[in-house]
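Here is a short tour of one protein chain and its ligand, written to be read with the structure open beside you. Please start at the far end of the chain; the annotated sites and the ligand come later.

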Amino acid sequence: MPTMLSIRPGDELPLYIGGKPPQASAGDSCFRTFQFQKWRSLHRKQRTLIILASLLVLFGFGHTTSRFFGTLETVETREAAAVAAVNEANVPKAAPVAGNNAANGGPVDVDQVDVPQVDSNGPNHNENDVNVQIAEPKYPKFKGPQNDRQTAVVAAMKHAWAGYKKFAWGKDQLQPISGSSQEWMGCGLTILDSLDTLLIMGMNEEFAESREWVATELSFDKDKFVSLFETTIRVLGGLLSAYHLSGDALFLQKAEDIGSRLAGALDSPSPIPYSDVNLRTRKGKQPGWGGESSLSEVTSIQLEFRDLSRATGNDTYEKIAFKVSEHIHSIGCNDHEGLCGMFISPTDGKFRPSTTITLGARSDSYYEYLLKQWLQTGKSIDWLRDDYSQAVTGIRHLLWRFSEPNKLAFPGELLNGNTWSPKMDHLVCFMAGTLAMGAKNGLPEDHMDMAKNLSHSCREMYRTLTGLAPEIVYFNELPGKTEDISIKPLDAHCLLRPEAFEAWFYLYRYTGDKKYQEWGWEAFQAIEQFAKVPNGYASVQSAKKIPVVHRDLMESFFPAESLKYLYLLFADEQTDIPLDKWVFNTEAHPLPIRAN
Ligand code: DMJ
């Protein structure tokens, strides 16, 4: 049954201990008259004594009562408290304002960072047991670029930023060829998506300007339908990371504002959310073409909604988002050994029969969030790990093949659930990083072999005339041909996506094999050579053709995610964002791991 769901920032679950809230009754006024007569009959000294005692009791219990009713405070009041707490912790060397990293007594090693741990019992705890703790993030101090390659990535970020600032400031994405901007969600997407990248790269001035824009210009009160998934991973995820890395409660306040609006998409007739939601009315709907929601979209909001709950103390966000995962777990994807179809209905919560089984578009991050939710919750919800593990077994049985002549490993697709296709999206490269992460966290060691092999295949996708990778490739399985990979003309575009860099980052961090840094460096040089334009970086029409033709768009994930993973990959010391303390969302925004 649909639930009437309307969450506003600061909303909390009702707090009534012992059942119903106190209510006025018809007999109240008689009772009060009787009490007044009794009071009048007391001696004056007796009355003075009672008044004094009452005053003492009031002051004595003041502290207790304010703690008790603290659960009803809003993020605004929590913000004040968090700011005070941060001020107290950092004075005189830090203040909760933007750009503090460089200004406040120099860098601090990231391993000194205390990830805010908010004690919570997870999604199953008693509804009245509202978490009242205020997260007190510490300030990690990022050192800025430490070698020539990192310096080159920061220069790229500055170039991208300069173009965005000049032509698109406050708009969603830069159109670097025409020198204009593109609107999508209407909320300064590139700024919000890039906040944590600016911090990690030590770009404190740019972060300070962005923080000022968030404080003075950002408004989510727009009569506009947006994608639940895209807005969650990029905007909510970006704001939450900015909050955790900076300690600035402004970002948590904005995160709760957008989170409470996005939550409207989950008010559907089934546990599956609508794909779109109106930011002002908070009403969800399916897009114009109707149809079902995508698997990856509905199952890749949980890291962010859980983190929002843990940071604000309002567990509603976590609960409503986790219901989606629980629902899919309960109906299962047993026809394909844990691999699910790509469309599911928000009306009846059922999968559309016979859709394509893939690790690419519309399905990808379902698998990623199974593993990452298990890690985020301190490895405490075992069915998440088990569903992930079952899916990897399914991948190996049903999708995993080797190309000819060079035996490149790749997961293909099952069209309509049964017809084999050796097609692989660039998006699928994320899976190499996820497989490596699983292996490092107790899943079978052969997952690491799969990760290494797939990351190598992704590297082979970059062996084009430009050194950039296309959007989609087909692997050859026939003996006698010379090329393992072919690219169809309509699949040859390159949006400067992050997934291969993401995979190489994880593999370098886990194995220390420098070849992953070399692969990243070569790809970065190709970006510099063929995607850099006077006003920023532009997607490329075909990775196979020189001279390149540019598309007039710099996707927000290029500065936010692609450059972030390259920067982290090139670090000499792999200490920034330790992977036992942080989990990256699917847009590369780090969120703290909780002890559930
Ligand atoms: C990003 O928005 C995210 O990485 C998402 O998971 C997939 N698509 C883009 C990047 O390719």
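N596 sits in the segment that follows β18. Its phi is near 30°, a positive value in a residue that is not glycine. With a relative accessible area of 22%, N596 is partly exposed. Please keep in mind throughout that this is a predicted model.

**Other backbone features**

R282 also has a positive phi without being glycine, in this case near 65°. This arginine belongs to the loop between β4 (276-278) and β5 (284-285), and R282 is buried, with a relative accessible area of 12%. Most residues other than glycine have a negative phi, and most peptide bonds are trans. Against that background, two cis peptide bonds are worth a look. One joins E404 and P405, with omega about 5°, and P405 is part of the loop between β8 (400-402) and β9 (409-411). Another runs from I546 to P547, with omega near 0°; P547 is in the loop between β16 (536-537) and α19 (557-569).

**The chain as a whole**

Stepping back, the protein chain contains 19 helices and 18 strands. It has 596 residues, and 59% of them count as buried. Among contacts between residues at least 6 apart in sequence, 71% join residues at least 24 apart. The chain exposes about 24,600 Å², of which carbon and sulfur atoms supply 54%.

**The annotated active site**

Which positions carry the "active site" feature in UniProt? The unreviewed entry places it at E230, D364, E471 and E499. The lining of the largest pocket takes in E230, D364, E471 and E499.

E230 is located in helix α8 (residues 228-246). Its relative accessible area is 16%, so E230 is buried. Beyond its neighbours within four places in sequence, E230 has contacts with W184, M185 and V235.

E471 is in a loop instead, between α16 (446-461) and β13 (472-475). E471 is buried too, with a relative accessible area of 13%. Leaving out residues up to four places away in sequence, E471 touches M424, D425, H426, D491, A492, H493, L495 and R497.

**T586 and its partner E368**

The unreviewed UniProt entry also gives a "binding site" feature, at T586. You will find T586 in the loop between β17 (582-584) and β18 (590-592). Is T586 buried or exposed? At 15% relative accessibility, T586 counts as buried. Apart from residues up to four places away in sequence, T586 touches F229, I233, S365, E368, Y369 and E561.

One of these contacts is polar: the side chains of T586 and E368 meet at 3.0 Å. E368 lies in helix α13 (residues 364-376) and is buried, with a relative accessible area of 2%. Setting aside neighbours within four places in sequence, E368 is in contact with F430, T434, E502, N585 and T586.

**Around the ligand**

Which residues surround the ligand? They are I233, R234, L427, R497, P498, E499, F557, E561, T586 and E587. Three side chains place a polar atom close to a ligand oxygen, as the table shows.

| Residue | Distance from a polar side-chain atom to a ligand oxygen |
|---|---|
| E499 | 2.6 Å |
| T586 | 2.7 Å |
| E587 | 2.5 Å |

Taken alone, the ligand exposes 290 Å², and the protein buries 91% of that. In this list of surrounding residues, E499 is a position with the "active site" feature, while T586 carries the "binding site" feature.

L427, another residue around the ligand, belongs to the loop between β12 (423-425) and α15 (430-440). L427 counts as buried, at 13% relative accessibility. Not counting residues up to four places away in sequence, L427 touches G360, A361, D364, R497 and E499; D364 and E499 are among the "active site" positions. L427 and R497 are 70 residues apart in sequence, yet their C-alpha atoms are 7.8 Å apart in space. R497 also appears among the contacts of E471.

Methods: Residues are numbered from 1 along each chain as its sequence is written. This is a predicted model: local features need pLDDT of at least 70, side-chain atom pairs count only at pLDDT 80 or more; totals for chains, interfaces and linings use all residues. Side-chain values use heavy atoms; hydrogens and water are left out. UniProt positions are given in the numbering used here, feature names are shortened, and annotations may be inferred rather than shown by experiment. On a 1 Å grid over the protein atoms alone, a cavity is a set of points where a 1.4 Å probe fits but cannot get out, and a pocket is an open set with protein on both sides within 12 Å along at least five of seven lines; lining residues have an atom within 4 Å of a point. Helices (H or I, at least four residues) and strands (E, at least two) are DSSP runs, numbered from the N terminus. Buried means under 20% relative accessible area, exposed over 50%, partly exposed in between (1.4 Å probe, protein chains only). Contact means heavy atoms within 4.5 Å. A polar contact is a pair of N or O atoms within 3.5 Å; within protein, one must be able to donate a hydrogen and the other to accept it, and residues adjacent in sequence count only if both atoms are side-chain atoms. A residue is near a molecule or strand if one of its heavy atoms lies within 4 Å of it. Accessible areas come from the Shrake-Rupley method with a 1.4 Å probe; for residues, only the protein chains shown count as cover.
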